[in-house]
Each structure stands twice: as C-alpha cells, then as structure tokens.
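Reader: I have a chain on my screen and would like to learn how to read it feature by feature. Could you take me through it?

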Amino acid sequence: MAKNKQKILSIVLAGGEGTRLMPLTRDRAKPAVPFGGAFRLIDFPLSNLVNSDYRHIIVLTQYKSHSLDRHISQMWRFSSLLGNYVSPVPAQQRLGKHWYLGSADAIYQTINIIEDVQPDIMVIVGADHVYRMDFGQMVQQHIESGAEFTVAGIRQPIDQSNQFGVIDVDPEHPNQIKTFLEKPDTCAGLPDDPNSFLASMGNYVANTDALFDALAKDEKAADTKHDMGGDIAPYFAARGEAGVYDFNTNIIPGSNEKDHAYWRDVGTLKQFYDAHMDLISYVPEFNLYNQQWPIYTNTGTLPPAKFVHAGRDRLGHATDSIVSPGVIVSGGEVHHSVLSPNVHIHSWAQVVDSILFDGVTINRRARVYKAILDKNVVLTENSTVGIDTEHDLARGFTVTPEGITVVPKGTVVDD
C-alpha cells in the first residue's frame, strides 16, 4: 500500500503533569513549558507532523491546559480550505466519571472523534521531547512491514532503562519486537553494544482497527495502567504484531552529522537545562537554524534584540548565547545563556550559564549563575540567584543536585 493512499490522523498526547519539572509546571502543562527562547515544547512534535505533511492533528490535553490551549489556538491555525487542522481536545469523561487514566485511556476516550475521521492509520506522538523526525518514513516502514503497531526506537545508555520502555528485537526479524518492557529496573544490552539498549521514543504508528480492538480490551482489563507503553505495546508484541522503527535511519533535510537523530527527553530539570546547553554549543547538538525542516512558533510583533552602551566601564553584550526578539541588553553581560523574548538586562548585571523565560528583568548589578528563571521574574538591584545555594534554598527556590537554581514564575528577588 502506498503512503499517499492511506488516510492518516495524528494524535499528540499532551496531558502530562510534568511533576519532575516543578516549579516550571506549577502553572502550566508540561508541553506548554517554554523552550529554546522562542518556542514551547509542543511546537516540536507539531512541527514534525506538519513538516511530514500530516496536518489532521488532534492534541489531547488535561493538566493545567489553559496556556497550552491558548498557544495552540493562537499559533497553530491552518486555512480551512484544504481541511487541515490542529485541534486541542480536553478530557471529556466520555467513559465514566473519571479523567484520563493513562495515555491509552486518553485515546480510547477520544474514539468518537477518531470514528468521525475514519483514518486507516494513526500516528501517535508525545508532546514533550526535543527532536526532528519525518514521520512519513516511519509510516512507510509500518505499511511495508505488515505490522499492526510500530514503535519508534532509539539507543540509550543501559543505566537509564528504568526511565523508558525497553524494546527487545527478534534477532531473526530485526524490525519485529519480541518483548516490550515498560521501565524495568535492569535490562540486557544490545548484542553489538552491551552498554546500550533500544528505548521507546513514545511515538507510535498503528492500524486503526487493530488499535481500537486493543484499546477496547484494555479498557475492560483488570490489571492495566491504561498506558500505551505499559500495556498496548506489550499487547501487540506478545501477539507478534509489533514492529520497531530505528530512529537512526530517519533522514531530515538540512541535518548534519552532529545533530542527526538528535532526541532528548526533557522530563527533569537537569535534562531540560542540558538540552538548552546543547542549543548554544559552538557547533550545536541540535540546530534550531535548519530552515529546511523548521520548528514553527510565533513571536508576534516583537522588535529585534537590542544591545546598548559601549563604554569602557559598561558594555552591553552577549557571547555564546541565544538572544530572542524583544530582548534589550543595556550595559549588562550575558554569557552561555538562553534569553527568551522581552528579557531586559540592565547595566553591570551578569547572566551566565542560565535560561531566562519571557519578560524576565535583571536590574543593575544583579547576578545570575546556572539558573532557570521562569516568566516575569525580577531581580532588583544587587540581587543574586545561583551564587549562594543555602541562600537560594532559604528563599524557597528549587536547587537541583547538579546546582541548577530554579525561580518560579513572577517572583521578585530582592536581596
């Protein structure tokens, strides 16, 4: 069956609570968390689907979804001429007086919408990973393999097996999953690399009829978490109907050897911080500037960034950094940092190894080191963040074991 003969519906699972990203998820769903200056996490899977020419998309939301819904409605609007859409769908309690019990239950509760579309194939993706992927290549393999359900896989260090679904491939059939284990404490390494295992990326392609049957059985099962990775993938694997797609074979226009097959789970504050540092490497691990496969967002009517003061005693400058539209660096110093729109850095201030969200203001002589400042945080004159860990903890800020200080949205830091 040719790809263009299939009717495809894409579902983005965007109901994640994101507790490990607190306090960044205190007021927003995890997919709505800003990333890379101008973007939100949801922009990455949506851009991948759109660039793959899959433009019938529903986004399943649940937890603190207001800012996510607003972003989708303002940014992700298509012309109705060709019937394209990105439609957020909140939890609706269609199967009883309960919200989504898991990712599989979320899809099953949306079955009425899927039946209206009547797709042949469903592309199901997570909403909180950073990567580029042409889903058309995965769909094509899925069709050619004859599998009912295909999981995208990527190699990960074996000590991280408890964080992912673990794919065990049949040696005689390298594109077929023999067993699928969700977040086991330990697992065996790969034959050609004992220190790695094949992890699920949380992206799936499924034949609609087979998936509906599996979801209906899961809904009635007693011992289930109603989870795509924990229950549905193992179900198809046990029946010999699950395939695996090797993400390393995915070819993206404009990619290079450095960022080929880049994929990051940003589920923890450390992972979130490290992924930002990847962006500002001299040769970036993930290239935001690849316009052959763009990541879409909307910065509105913001003006270009501005740098002022070039005196001997104060120099407005930024080095090894991403600086978004609307930023003003006025006599301050920025190094190895990511500045989101409308950030203001005032004279003699210092920002180093940090991530500043929209609307942050760093006043004169204030200093920020190895920190994440959420939206509209204000540092008054001479204040500090990331200099004294005990002081940061005493003020109620989060400090990770790696020494990353996180300041919640709207905080005024006054020393």
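Reader: Let me start with helix α1. Which residues of α1 are buried?

Author: The general idea is a cut-off: a residue counts as buried when its relative accessible area is under 20%. In this predicted model, the buried residues of α1 are Asp 43, Phe 44, Pro 45, Leu 46, Ser 47, Asn 48, Leu 49, Val 50 and Asn 51. The helix runs over residues 43-51 and is mostly covered, with nine of its nine residues buried.

Reader: What is the backbone doing just after α1?

Author: Look at Asp 53 there, which takes a positive phi of about 70 degrees. Asp 53 has this positive phi although it is not a glycine. You will find Asp 53 in the loop between α1 and β4 (56-61).

Reader: Is Asp 53 buried or exposed?

Author: Exposed counts as over 50% relative accessible area. Asp 53 has 55%, so it is exposed.

Reader: Where does Asn 376 lie, and what is its phi?

Author: Asn 376 sits in the loop between β25 (371-373) and β26 (378-379). Its phi is positive, about 60 degrees, and Asn 376 is not a glycine either. With a relative accessible area of 43%, Asn 376 is partly exposed.

Reader: Now to peptide bonds. Which kind of peptide bond joins Met 22 and Pro 23?

Author: The angle to read is omega. For Met 22 and Pro 23 omega is about 10 degrees, and the bond is cis. Pro 23 belongs to the loop between β1 (8-14) and β2 (34-35).

Reader: Let me try another proline. Where is Pro 325, and what is it in contact with?

Author: Pro 325 is in the loop between β16 (322-323) and β17 (328-330). Its relative accessibility is 25%, so Pro 325 counts as partly exposed. Setting aside neighbours within four places in sequence, its contacts are Thr 299, Leu 302, Pro 303, Ala 305, Pro 341 and Asn 342. Sequence distance and spatial distance are separate readings, so to speak. Pro 325 and Gly 37 are 288 residues apart along the chain, while their C-alpha atoms are separated by 9.0 Å.

Reader: How far apart in space are Gln 6 and Thr 398?

Author: Their C-alpha atoms are 48 Å apart, with the two positions 392 residues apart in sequence numbering. Gln 6 itself lies in the segment before β1. Gln 6 is buried, as its relative accessible area is 15%.

Reader: What about a residue inside a strand, such as Met 122?

Author: Met 122 is placed in strand β6. A relative accessible area of 0% makes Met 122 buried. To see its surroundings, leave out neighbours within four places in sequence: among the residues in contact with Met 122 are Leu 9, Ile 11, Ile 107, Ile 114 and Tyr 204. Thr 208, Leu 211 and Phe 212 are also in contact with Met 122, and these three are among the buried residues of α6. For a distance across the chain, take Met 122 and Tyr 289, which are 167 residues apart in sequence and 30 Å apart from C-alpha to C-alpha.

Reader: That brings me to α6. How do I check the length of a helix?

Author: Use a rise of 1.5 Å a residue: the 13 residues of α6 (208-220) should span 18 Å, and the end C-alpha atoms are 19 Å apart, which agrees.

Reader: What covers the buried residues of α6?

Author: The cover includes α3 (103-108), α4 (111-117), β6 (121-126), β8 (149-157), β11 (196-207) and α7 (228-238). The buried residues themselves are Thr 208, Ala 210, Leu 211, Phe 212, Ala 214, Leu 215 and Asp 218.

Reader: Finally, how do I read the chain as a whole?

Author: Begin with the elements: the chain has nine helices and 30 strands. Then try the globule rule: for 415 residues a compact globule would have a radius of gyration near 22 Å, and the chain has 22 Å, which agrees. Along the principal axes, the C-alpha atoms fill a box of roughly 70 × 50 × 45 Å. Of the 415 residues, 53% count as buried.

Reader: How much accessible surface does the chain have, and how are its charges placed?

Author: The accessible surface comes to about 18,100 Å², and carbon and sulfur atoms hold 48% of that. The chain has 35 positive and 49 negative charges, whose mean positions are 8 Å apart.

How values were computed. Residues are numbered from 1 along each chain as its sequence is written. This is a predicted model: local features need pLDDT of at least 70, side-chain atom pairs count only at pLDDT 80 or more; totals for chains, interfaces and linings use all residues. Side-chain values use heavy atoms; hydrogens and water are left out. Helices (H or I, at least four residues) and strands (E, at least two) are DSSP runs, numbered from the N terminus. The expected span of a helix is 1.5 Å times one less than its number of residues. Buried means under 20% relative accessible area, exposed over 50%, partly exposed in between (1.4 Å probe, protein chains only). Contact means heavy atoms within 4.5 Å. The radius of gyration is taken over C-alpha atoms; the globule rule is 2.2 Å times the number of residues to the power 0.38. Accessible areas come from the Shrake-Rupley method with a 1.4 Å probe; for residues, only the protein chains shown count as cover. Lys and Arg count as positive and Asp and Glu as negative; His and the chain ends are not counted. The place of a charge is taken as NZ of Lys, CZ of Arg, CG of Asp or CD of Glu.
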